[in-house]
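Reader: Before I rely on any label attached to this structure, I would like to see how each one is earned. Could you take me through the reasoning, setting each value against its cut-off?

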Amino acid sequence: MRLGVHMPLKGGFAANLKRVKENGGETIQIFSGNPTAWKMAPPNRKEIGKRIVLAREQSIFPLVIHSAYLINLASSTPEFLDKSSSLLNETMERASLYEAPYVVLHVGNHGGAGVERGLEQVVEIISRSLPRWPGGVKLLLENTAGGGTALGSTFEELARVLRNFTPDDVGVCLDTAHGWAAGYDFGSAEGVQELLEQFEGLIGLEYLFALHLNDAKVARGSRVDRHEHIGRGQIGLEGFRELLRQPWPAEMPAILETPEMGSEWDRKNLDAIRALLR
Ligand SMILES: [Zn+2]
Ligand SMILES: [Zn+2]
């Protein structure tokens, strides 16, 4: 497992990368563009090339790309769906330029059309898009807190999408704060063992490629997405210890999306995680 942080856009790539390294990070997650905009600036291949070299020099890998929040593959509005699908395709292309192996995507919101219809459509869009995506980049569906009509808060829902794809093409990024908000007990050793067994039974651990390590400000099952510093929220350290001591692949990214990213808190949070790994 390689520990890292989500890197803010502001401040510039090089300076932020340096700070991540100084704070003890081994991997990073970035947005490939403005996360709240439909339009992605055209790729600056020279700049991207420089960034790849910088990351390589500092042994920061793998690079994880988080897709824009606007993308909703479950949208029932044709225009919105069209834009979502195009932006996802563009994001996969951009990830390939960055030589990033993973693009993280929230499953989507059905907006009233129903869970069944929403999940079917997500499968349809991914199936249709997959042949056009560049090789070497995998789409990772992130579990959600389950607020509103958000899909993918349960392993059952994720499984209904993933059973249509192999782990070579589509996988999972498991977020602890979202899982907790959706009712999974990430707070105790038994809880973590149980939820990993459920994941294995419903999806299969071979589909799990990345972790988002976040404590939660809110109560378990609240369906509210509020991240907190590691060990300072409602999840607490016991569950994280159990999660981290699993025999994860050596190169699996475990990324912090804790508050005040890019500040001294990153070091404190990484230190808190490291202390649990000892
Ligand atoms: Zn996350
Ligand atoms: Zn979140």
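Author: Let me begin with the term that the strands require: two strands count as paired if DSSP finds at least two bridges between them. The model discussed here is a predicted one. In it, strand E1 (residues 2-6) is joined to strand E10 (residues 253-256) by 4 bridges, and the two run parallel, with Val5 standing opposite Leu256 in E10.

Reader: What makes E1 and E2 a pair, and in which sense do they run?

Author: The requirement is at least two bridges, and E1 and E2 have 3 bridges in the parallel sense, so by that definition they are paired. Val5 appears here too, standing opposite Ile28 in E2. Together with helix H1, these strands make a right-handed β-α-β unit.

Reader: Why is strand E1 called largely enclosed by the rest of the structure?

Author: A residue is buried when its relative accessible area is under 20%. In E1, 5 of the 5 residues are buried, and therefore the strand is described as largely enclosed by the rest of the structure.

Reader: How do you know that the same description suits strand E4?

Author: For E4 (residues 102-106), 4 of the 5 residues are buried, so this strand is also largely enclosed by the rest of the structure. Its pairing with strand E3 (residues 63-66) is parallel and rests on 3 bridges, one of the bridge partnerships being that of His66 with Val104. From E3 the chain passes through helix H3 (residues 78-97) to reach E4 in a right-handed β-α-β crossover.

Reader: What joins E4 to strand E5?

Author: E4 and strand E5 (residues 138-142) run parallel and are joined by 5 bridges, and His106 stands opposite Glu142 in E5. Here the chain crosses through helix H4 (residues 115-129), and this β-α-β crossover is right-handed as well.

Reader: Why is Asn89 counted as buried?

Author: The cut-off for buried is under 20% relative accessible area, and Asn89 has a relative accessibility of 10%, so it counts as buried. Asn89 lies in helix H3 and, leaving aside residues up to four places away in sequence, it touches Ser129, Arg132 and Trp133.

Reader: What makes helix H5 largely enclosed, and which elements do its buried residues pack against?

Author: Of the 8 residues in H5 (residues 155-162), 6 are buried, so the helix is largely enclosed by the rest of the structure. Those buried residues are Phe155, Glu157, Leu158, Ala159, Val161 and Leu162, and they pack against H4, E5, strand E6 (170-175) and helix H7 (189-202).

Reader: Turning to empty space, why is one region called a cavity and another a pocket?

Author: The names differ because a 1.4 Å probe fits in a cavity but cannot get out, whereas a pocket is an open set of points. A search of the whole structure finds 3 cavities of 30 Å³ or more, and the largest cavity holds about 60 Å³ of space. Its lining comprises 13 residues, with Ser32, Gly33, Asn34, Met40 and Ala68 nearest the centre. The largest pocket has a volume of about 320 Å³, and among its 22 lining residues Leu9, Phe31, Ser32, Arg51 and Tyr98 are the closest to its centre.

Reader: How does the lining of the largest pocket divide by class?

Author: It divides into 12 nonpolar, 6 polar and 4 charged residues, and the largest share of the lining, 3 residues, comes from H2.

Technical notes. Residues numbered from 1 in each chain as written. Chains lettered and ligands numbered in written order. Predicted model: local features only at pLDDT ≥ 70, side-chain atom pairs only at ≥ 80, totals over all residues. Heavy atoms only, no water. 1 Å grid on protein atoms, 1.4 Å probe; cavity = no way out; pocket = protein on both sides within 12 Å on 5 of 7 lines; lining within 4 Å. Points joined across faces, edges and corners; volume = space filled by probe spheres on them. Buried < 20%, exposed > 50% of the residue type's maximum accessible area, 1.4 Å probe, protein only. Right-handed = clockwise from strand over helix to strand, strands pointing away. Contact = heavy atoms within 4.5 Å. Nonpolar A, V, L, I, M, F, W, Y, C, P; charged D, E, K, R; others polar.
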